[in-house]
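This briefing sets out the fold, the largest pocket and selected local features of one protein. Please consult the sequence and the structure shown here alongside the text.

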Amino acid sequence: MGRPEFIIRDATVLTMNAQRDCYESGYIWVKDDRIFRVGDVAGLGELPAGVDVRSARGRVIMPGLVNAHGHLSNGVLRGIYDEMPLSVWFSKGMWPVLEALDAATGMASAELALLELMTTGVTTTVSAEFGIPRRDLPDGVLAAVRKSRVRALVSRMTMDSPDESDPSQTVPPAYREPVALAVSEVERLQREYRSARVTVAPEALGVLRCTPQMVSALHDLAVRSDSPFLMHIASSRDEHESSQRLFGHGSVTELKRRGALSGRTLLAHAIWLDDAEIRDVAAAATGISHNPVANAYYASGVARLPDLLAAGVRVGLGVDGASTNNSQNLWETMKMALLFQKERTADASFGSAELALELATRGGAAALHMEDRIGSLEPGKQADFISIDASRAALAPRQTLVSNLVYSNDPQAVRDVYIDGEPVVVDGVHQFLDRDSVLAAADEALERVLGRSGLKSYLQSRSGWRWQRPAAAGAAP
């Protein structure tokens, strides 16, 4: 509150409101942290004294992007899991890396991921973070979130299932957390970090890795604390088949049976759903984060996006973590969300660039149950918006500008990013994260992770190229 009142005018304005109003020469008027008015410059009228008026001719103003799923603590893990065999993943990739991530590496990782996300237009992001075995990891991530000024939903993930019948879903005993401890840790993080921009929520990592008691307790906590409840679910064929074997139905049906499929639930992936489960998700007003690029990295399957949308499901898009999608580029995710569906359905006419932009803005807001605050440019909503340089070569010719935004995919065209009316990125430069410092800290953090996990020698050995290294050199680029 108390920020200068200002107007940005003469821009192409894409509102993403219910009517999908667009203005070729429009304006956005910001008071404090809210949007006061949006419209055509011709209707702006006489302005009160003292209002800062700026021209943005040649720019596109649109709502900030909503990244509906990610793992900020994985920012420095970019590239280490490429084509990793399952035998290595189980022995060194998953559990040893979790042991290696602490508050310091989590903060460095999160700052790196946030630098990429925010400078390319993300104003709201979801981040799911393990609180086990390193209790302080979410603290490091939340410290970075607070420093960056991003709007964020951060969940603390946990597991407790003793079932070892499926190796792909087995939780080693050291990583099984007591229910009471999981609840108390989420409550601690909520007390310490929750703010107007930051929401802290509980997450049970799937119905196969969590007991019914854990799922119930964390969903109850979400209700008591008026927060979302998050889960990874139906994310692989193995999980789907194990769910059918153990429960006689899919994971989403099991979640409904446990009473946690609700209007505050956000599900990540949700690839393997049957028709009844899609109807149940829609009826419950549950949100889904569709993560097409990450799903493709692990050949997990292609979610039924057209069916989800036709049923009225709240669908947003997510980049996932840098460990499962090296890029933190939501524009790429928009493009691939459409292309994968064209291929899956053998229907080249599916979707549009307009649909992709809607999924990444108002769709993500609805999936997070935040559509009353973000996702579109409308009076009374938070002033979360971005300015895009339409003169970039990849965005020409202007006649197909909206198509170019998605299919040409030039994330560096984003020049300015505002959250609550506060400029957090100005002409491509983050105002609160120093680029050089973030990159240096990321290099140091990954070196620590590789040393602690034993992955350094694996990375050096997997390349087929003949690398000539000094004696003390690190892994290949």
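A residue is called buried when its relative accessible area is under 20%, exposed when over 50%, and partly exposed in between, with a 1.4 Å probe and protein chains only. By that criterion, 57% of the 477 residues of the protein count as buried. The model is predicted: local features need pLDDT of at least 70, side-chain atom pairs count only at pLDDT 80 or more, and totals for chains, interfaces and linings use all residues. Residues are numbered from 1 along each chain as its sequence is written, and side-chain values use heavy atoms, with hydrogens and water left out.

**Overall fold**

- The protein contains 16 helices and 17 strands; helices (H or I, at least four residues) and strands (E, at least two) are DSSP runs numbered from the N terminus.
- The radius of gyration, taken over C-alpha atoms, is 22 Å, which agrees with the value near 23 Å for a compact globule of 477 residues; the globule rule is 2.2 Å times the number of residues to the power 0.38.
- The C-alpha trace spans about 70 × 60 × 50 Å along its principal axes.
- Among contacts (heavy atoms within 4.5 Å) with a separation of 6 or more, 75% are accounted for by residues 24 or more positions apart.

**Largest pocket**

- A pocket is found on a 1 Å grid over the protein atoms alone, as an open set of points where a 1.4 Å probe fits, with protein on both sides within 12 Å along at least five of seven lines; lining residues have an atom within 4 Å of a point.
- The largest pocket has a volume of about 1200 Å³, a volume being the space filled by probe spheres set on the points, with grid points joined across faces, edges and corners.
- Its lining comprises 44 residues, of which Trp89, Arg209, Ser235, Tyr298 and Thr324 are the closest to the centre.
- Two or more lining residues come from each of α1 (86-93), α2 (95-100), β7 (122-130), β10 (229-233), α7 (237-247) and α10 (292-297), and α1 gives the largest share, four residues.
- By class, the lining has 22 nonpolar, 16 polar and six charged residues; Ala, Val, Leu, Ile, Met, Phe, Trp, Tyr, Cys and Pro count as nonpolar, Asp, Glu, Lys and Arg as charged, and the others, Gly among them, as polar.

**Helix α4 and its flanks**

- The end C-alpha atoms of α4 (residues 137-148) are 17 Å apart, in agreement with the 16 Å expected for 12 residues at 1.5 Å a residue; the expected span is 1.5 Å times one less than the number of residues.
- Nine of the 12 residues of α4 are buried, so the helix is largely enclosed by the rest of the structure; among them are Leu137, Val141 and Ser148.
- Arg149 follows α4, lies in the loop before β8 (151-158), and is partly exposed at 31% relative accessible area.
- Phi of Arg149 is near 75 degrees, a positive value in a residue other than glycine.
- Pro133, in the loop between β7 and α4, is joined to Ile132 by a cis peptide bond with omega near 0 degrees.

**Other local features**

- Leu308, in helix α11 (residues 305-310), is buried at 2% relative accessibility.
- Leaving aside residues up to four places away in sequence, Leu308 touches Leu273, Ile278, Ile288, Val313 and Val315.
- The peptide bond from Ala396 to Pro397 is cis, and Pro397 lies in the loop between β14 (385-389) and α14 (401-408).
- Ala346, in the loop between α12 (330-345) and α13 (353-367), has a positive phi near 55 degrees and is exposed at 71%.
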